[in-house]
Number of protein chains: 2
Amino acid sequence: MDKKLDNLRHSAAHLLAAAVVELWPKALPTIGPVIEEGFYYDFDFAGYKSAPGLEDLSKIEKKMMEIAPKWKSFDKSEVSAEEAQKLFKDNPYKLELIDELEKNKEKITLYKSGNFVDLCRGGHIDNPSEELKHFKLTSIAGAYWRGSEKNKMLTRIYGTVFFSAKELEEYIGRQEEALKRDHRKIGKELELFTISEEVGPGLILWLPKGNIIKEEIENWAKETEKDWGYQRVTTPNITKSGLYYTSGHLPYYKDDMYPPMKLEDGEEYYLKPMNCPHHHMIYASRTRSYKELPLRLAEYGTCYRYEASGELFGLMRVRGFAQNDSHIYCTQEQAVEEFISVMKLHEYYYKTLGITDYHLVLSLRDPKNKKKYHGDEEMWALAEKLMREAVSKIDIEMVEDIGSAAFYGPKIDFIIKSSIGREFGISTNQIDLFMGKRFGLKYTDKDGGEKTPVIIHRAPLGSHERFVGFLIEHWGGNFPAWLSPVQVKVLPITDKNLDYSKQVAKKLDEAGLRVEINENNDTLQAKIRDAQIQKIPYMLIIGGKEEEAGKVAVRSRESKDLGQMDLKDFAEKLVKKIKAKELDLAL
Amino acid sequence: MDKKLDNLRHSAAHLLAAAVVELWPKALPTIGPVIEEGFYYDFDFAGYKSAPGLEDLSKIEKKMMEIAPKWKSFDKSEVSAEEAQKLFKDNPYKLELIDELEKNKEKITLYKSGNFVDLCRGGHIDNPSEELKHFKLTSIAGAYWRGSEKNKMLTRIYGTVFFSAKELEEYIGRQEEALKRDHRKIGKELELFTISEEVGPGLILWLPKGNIIKEEIENWAKETEKDWGYQRVTTPNITKSGLYYTSGHLPYYKDDMYPPMKLEDGEEYYLKPMNCPHHHMIYASRTRSYKELPLRLAEYGTCYRYEASGELFGLMRVRGFAQNDSHIYCTQEQAVEEFISVMKLHEYYYKTLGITDYHLVLSLRDPKNKKKYHGDEEMWALAEKLMREAVSKIDIEMVEDIGSAAFYGPKIDFIIKSSIGREFGISTNQIDLFMGKRFGLKYTDKDGGEKTPVIIHRAPLGSHERFVGFLIEHWGGNFPAWLSPVQVKVLPITDKNLDYSKQVAKKLDEAGLRVEINENNDTLQAKIRDAQIQKIPYMLIIGGKEEEAGKVAVRSRESKDLGQMDLKDFAEKLVKKIKAKELDLAL
């Protein structure tokens, strides 16, 4: 984190609060932290009939502009709890915070800038009047006090701030691009998926066109993983609770799971939040020999996690998702080589999709908080050593993150960047020395002795939901031909060309292409525009000239005229391009 | 039902009870009904340390043989409740039955044959000593009194009986064949699926080889349904409860569902027991025009139903299953034509699989019990009329079953027969005039008015679980090449042929065939036997002669020597055969 920028953001949050209480004197400021792309401040507007809305943001910005030049500095003062309580006597939120500070025996500090005083730990810029210039309020939303649904709903105002006008402009530009590429917006426009209030939040219904993308990815994963020596299985979405007590996920992981289905006989069933224990049951379904290892079981398994409703976000954060999952059971000697192969599989997938910007995060145990984790010292050290050894043999940048390991071992996450620079954690990988023992998994070794297999966890393509969400943003909805729900749109210039257009569409369909005809009574220009809005990679324009010559006039989504072609020639070239999963549209 | 045969079976049940109480005088007979393939009788052996087992059946049969010639007739007497209670004073089960007869004001009748008297409604043969000759006790099992897990566990003895020795022999032959073809036995031998006590009863874990069969069927359905104008969707496995109150499944269908997941805020989520309401939500996700109809949404959707544990049976009766489901939304004018097309799709599927023996059952409302059903007279009459009209245009035998309609309309089930003559209900079809209204589904008609679409439900391939179970029995595990998990086994005669065998396997793999090599240090005969046990359709025997000539010696599972072939020639022929989904193995 950039300390200077954080201080600027924090200072701007004070400025926002000062402006709001000047405009709405009965508003109660609560807290105003720094976040990834700026800051926010939460207010209680209960003193007013209604809280401000989006339309009020420019008014608030204007007030901030007025106030900022008057702020020469942030002046700190340390006060007693009584003094602080007196000062904030009308603000129950601040009083709650003061109580906590007192209980925890922490210092209580106030910061004053201009006429505005706030309860604050500090961390500001030195010259607010000079530096607080390039800010913008970005949005407004409801948010529960302290994030709990049991508390009151407050109004959260988001903003961002930079040291220069140029940086702010660039940020706004990126935001506008991100907004255009918002997967929820494009998902709706292209009819890829929907979420139904009746079915439940965070549960994706894949519409026919989105389902095509999902299936193309899944088929690709199946083919690829077959070539890489994986075997596919299918396991149920539910299980008796005992499996998660064995794994150690219950009771600790309970809050992230849907509640159990309680049968009359006392048995409890859970929706699976991950596929691992089910795969372990397949491993354990008969005795295993070293000759079978590495045994790579793969499944696009559908899991359910009860994410907080405030966290849900389109396809990116959902409650039900189909994971590109696999568990590799191998000997300890095979583990490094297998893990390298898994890293290489990631590289292959990402390269094919034109994802060039990614790195690894190695999540380690917090050595100061060992109670949070299962397993002994030796196991943790060995798992880390094996993973580091594997990563040292490949050429991907890695950073370390202390304290974010899984409870049963260190992990390596792949972080991929979309074409507009946003990062997404997509795949978690582990060399797991813990669960094999926990589940009593065994294999008979060469010498006849029983050993416990190492388990490698991996999911290069993450979940269908998150991955398709990422790809929508990455390409702005302009999917390459192989992933496009409709690959070719046939555009008859007039009704007279309809019959020939249908013959063309039929032949393309027979060649295995996904094709539609625009039969509307529109102008050609309108038909082209419509196909472009639908982001269909190729348009075939059919007029009298084409019909006579038995040809098609090809146009790409990018408004490129690709010229007249023989239909057969076009179909062959496109089929070849699709088979090779090429990303560009040149034929 | 054959009344005469039923009377014979019922008489044999009396004979069984008489034999058991002679051998175990403290045994308490309870009830002994006729069932599909014979009869059973339930006994309480609480007076003994342990109940009889399989090993005792021949002893009981012998005793039956002894008793039968002494039974000249079944003599009826009508008695008062008191008299009956006195007679059965030591048998609480009979006393419970007598109480019920009394409560319902029914006649109480006894039947005496030889020394044996039983409480019985009647229905016997006239000359037991002549006719009770050709019987066999087939199995013994635990069963709860009156089928309820809350009651005591009794011992159930099953048997069968015929009028001639020939019929009994034929039956035993069929039973032996059925036993050999038992999908649970073959499923284990071929490693197709497993059920894990830890995951839960009735929940199938598809092992790699079974998963191949499942996916081949699914891919075939996807291709076929694409050709037939279906669009694929994917919907979640769960939903808020409201959806099932809308459909009318809750609360009435509750006993067949897993219990709800209850969230803290009072919301209840259910595992979906069917896909219909989810598909309706996709239909309802935006406005629809008549131009889009028929809209055919298809999904191999995974559903869960809480079947009673006593009903669970391998793949045939499960608690989680992936349904070959679709819902067709169309205008009323399109309904008959669409339904005919659905019937023809069934014919295409079954013909391809060599299922030639099937018929339809039209399930109608019980006109005497209209309270059981939703919807008005007109709707029921119209739905029945449309379905009859469609069926009249195809050439499939249909029988009628009064009283087994769904609560919202009549239905047509496909009943298919396996090659050993066992029947399986596989697909339910409906022209549904009820749910469209119930869910408020609409389309804008040509004239701009709003109308409710007709919904056609269909599932020609049933569920993966039941259908694969059926196919295992139908083929006795000898799957045609296109469905075989391993299509070719390469058998090197000696280790010297291993390298060439690997080249052969690699080339077949590249041709898209599923191939394995037997690298064990066994004799060729053992390798052939092993491949036959695994029911692999083709074996390629590789010796020095083949290696020199660059050929392969081909042998089919049916022990047919198909001669020497060029590898390329073999691969091409087999690929072609697989693509055509041919059932025989001739090349």
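What rotation superposes chain B on chain A? In this predicted model, chain B is brought onto chain A by a rotation of 180 degrees, accompanied by 0.1 Å of shift along the rotation axis, and the superposition has an RMSD of 0.2 Å. The two copies are therefore related as by a two-fold rotation axis. Within chain B, the C-alpha nearest this axis belongs to B:Met261 and lies 2.7 Å from it. Of the interface residues of chain B, 98% are also interface residues in chain A, so the copies meet through the same surface.

The interior was examined next. The largest nonpolar core holds 229 residues, and the members that touch the most others in this core are A:Phe570, B:Phe467, B:Leu508 and B:Phe570. For A:Phe570, when residues up to four places away in sequence are not counted, the contacts comprise A:Val488, A:Leu508, A:Tyr538, A:Leu540, A:Val552, A:Val554, A:Met565 and A:Leu587.

Empty space enclosed by the protein was considered in turn. Such space is revealed by rolling a probe the size of a water molecule over the atoms. Three cavities of 30 Å³ or more were counted, and the largest cavity contains about 930 Å³ of space. Its lining is formed by 50 residues, among which A:Glu218, A:Tyr300, A:Thr302, B:Tyr300 and B:Thr302 lie nearest the centre of the cavity. By residue class, the lining of this largest cavity divides into 17 nonpolar, 18 polar and 15 charged residues.

Technical notes
Residues numbered from 1 in each chain as written. Chains lettered and ligands numbered in written order. Predicted model: local features only at pLDDT ≥ 70, side-chain atom pairs only at ≥ 80, totals over all residues. Heavy atoms only, no water. Core = buried A, V, L, I, M, F, W, Y, C linked by side-chain atoms within 4.5 Å. Buried < 20%, exposed > 50% of the residue type's maximum accessible area, 1.4 Å probe, protein only. Contact = heavy atoms within 4.5 Å. 1 Å grid on protein atoms, 1.4 Å probe; cavity = no way out; pocket = protein on both sides within 12 Å on 5 of 7 lines; lining within 4 Å. Points joined across faces, edges and corners; volume = space filled by probe spheres on them. Nonpolar A, V, L, I, M, F, W, Y, C, P; charged D, E, K, R; others polar. Least-squares fit on C-alpha atoms with pLDDT ≥ 70 in both.
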